[in-house]
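Biologist: Could you take a close look at one helix for me, and at what sits around it? I'd like to hear how its two sides are set up.

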Amino acid sequence: MRYIITIAGNYISPRLDMTLEILIANSKNSELVGKPQTILLNRTTSEDMCELIIKENADILICGGIEERYYKYLQWKKTNVIESVIGPHEKVLNLAIKKQLAPGQIVR
């Protein structure tokens, strides 16, 4: 599985369209494969983020807020979106890899 997580510092970014940093991670058999990669973005819009998510062949997007039309677009493109997540991105990634992360979850 390939994950893209929108981040702001050590936490999940509150909105997709305001994300300036993403974390890309891969897993296999519920284990992290390799070291997650962080990418800094100059500026972003929801359209830019969707394009990047598709280009990176993400299986799962983990984010804070996302507009419904972009959520539906990514679902149509076969990217699972786990939205409205709050918390530190490392813990969120670990829960996602173990298939224990749900939309709207607050992680402490």
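Modeller: Here's a walk around helix H1 and two threonines whose contacts involve it. Keep in mind that this is a predicted model.

H1 runs over residues 46-55, and its buried residues are Ser46, Met49, Cys50, Leu52 and Ile53. Those five sit on the same side of H1, because the arc they cover around the axis is only 165°. Flip to the other side of H1 and you get Glu51 and Lys55, both exposed.

So what do the buried residues of H1 pack against? Strands E1 (2-8), E3 (21-28) and E5 (60-62), plus helix H2. After H1 comes Asn57, with a positive phi near 55°.

Now for the strand E1 side: Thr6 lies in that strand. Thr6 counts as buried because its relative accessible area is 0%, and buried means under 20%. Skipping neighbours within four places in sequence, Thr6 is in contact with Met49, and also with Leu61 and Ile62, among others. Ile39 is 33 residues from Thr6 in sequence, and the C-alpha to C-alpha distance is 9.9 Å.

The other threonine is Thr79, in the loop between H2 (68-76) and strand E6 (80-82). Thr79 is buried too, at a relative accessible area of 3%. Leaving out residues up to four places away in sequence, Thr79 touches Ile53 and Ile54, Ala58 and Asp59, Ile60 and Leu61, and Leu74. Ile53, as it happens, is one of the buried residues of H1, just as Met49, the one Thr6 touches, is another.

Note on methods: Residues are numbered from 1 along each chain as its sequence is written. This is a predicted model: local features need pLDDT of at least 70, side-chain atom pairs count only at pLDDT 80 or more; totals for chains, interfaces and linings use all residues. Side-chain values use heavy atoms; hydrogens and water are left out. Helices (H or I, at least four residues) and strands (E, at least two) are DSSP runs, numbered from the N terminus. Buried means under 20% relative accessible area, exposed over 50%, partly exposed in between (1.4 Å probe, protein chains only). Contact means heavy atoms within 4.5 Å. The arc is that of the directions from the helix axis to the C-beta atoms.
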